[in-house]
Amino acid sequence: MPSEICFRAIHRWALLPYKHRIETSDAARKAKLYEREFRWLRARRVPPLCRPWRLGQELGWLVPSPIDVRLTPIQGVEVGADHESLQELAHASDYTQLWHRDSFALVLKPSDWLRFYQYRTKEGWMCMFLPNGEGSVEWHLGWQIDIPDDMFLLIMPGPDIPGLEVPLGVLDAKSIGRFNASHGVSIAVRPQREIAIRRGDPVARLVLLHAESVGATSKFLPAPDEQTEPR
């Protein structure tokens, strides 16, 4: 029986992930037309009629952007210092934005869009984008997900958006539970140039992995000796 996961919106602006389906009927009609009407011309070797390619495109769920947003690269440094020293650093350099993340801090060159996209929560306004370090940001998506305890969730790039990197990540059920208990699921993205993304554009892909596939082992066998006669 196929595994089932549950997506649950926690904010009205959220867009839930969805299954992507490849349309094959047009390609099939074109292939039949060419076979019937043309002596040489054929159109069977095309992506929509290639099952491995189609399954790869339809694998998992696509994650849509919940807002129209314009991203720019993040330039920052991870630091460890007291608040007074960080203020001194900000005055002495062009790293003027200070972000505290757990037990460390990030000082960034001005990136106004990080603070612009704030959304309403019961506790007050919250930033949708939080800097992670290494030029990446944590993007809150406004929904939760439940997966079986023996499953993992692979977060990977979606359809290509030039200039947007989505680092690969794997979450287990316990990690997802911690996300659900706070702000919901988030993904990491790294803008490498100025990018305009529209609400609904797919920005990442989610794939469900079984624990056995994550922990799978391998063995490697050498090629048979060319001098050995087959039995």
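Biologist: How many helices and strands does the protein chain have?

Modeller: This is a predicted model, in which local features need pLDDT of at least 70 and side-chain atom pairs count only at pLDDT 80 or more, while totals for chains, interfaces and linings use all residues. Residues are numbered from 1 along each chain as its sequence is written, and side-chain values use heavy atoms, with hydrogens and water left out. Helices (H or I, at least four residues) and strands (E, at least two) are DSSP runs, numbered from the N terminus. On that basis the protein chain has 6 helices and 17 strands.

Biologist: Is the protein chain more spread out than a compact globule, or not, and what is its radius of gyration?

Modeller: The radius is taken over C-alpha atoms, and the globule rule is 2.2 Å times the number of residues to the power 0.38. For 231 residues that rule gives 17 Å, and the chain is well over it, so it is more spread out than a compact globule. Its radius of gyration is 24 Å.

Biologist: Which strands stand at the edges of the open sheet 9-10-15-13?

Modeller: Two strands pair if DSSP finds at least two bridges between them. The 4 strands of this open sheet are paired in the antiparallel sense. Two of them each have a single partner strand, so one side of each is left without a neighbour in the sheet. These are strand 9 (129-133) and strand 13 (164-165).

Biologist: In strand 15, which residue is the bridge partner of E165?

Modeller: Strand 13 runs antiparallel to strand 15 (residues 186-191), and 2 bridges join them. In strand 15, the partner of E165 is R190.

Biologist: Which residues make up the covered face of strand 7?

Modeller: Strand 7 forms a hairpin with strand 8, with 2 residues between them, and the two pair in the antiparallel sense over 4 bridges. Strand 7 (residues 118-121) has Q118 and R120 on its uncovered face. The covered face holds Y119 and T121.

Biologist: Is S111 buried or exposed, and at what relative accessibility?

Modeller: S111 lies in the loop between strand 6 (104-108) and helix 4 (113-116). Buried means under 20% relative accessible area, exposed over 50%, partly exposed in between (1.4 Å probe, protein chains only). S111 counts as buried, at 3%.

Biologist: Leaving aside neighbours within four places in sequence, which residues is S111 in contact with?

Modeller: Contact means heavy atoms within 4.5 Å. S111 and P73 are 38 residues apart in sequence, yet their C-alpha atoms are 8.3 Å apart in space. With those sequence neighbours left aside, S111 is in contact with P73, I74 and Q97.
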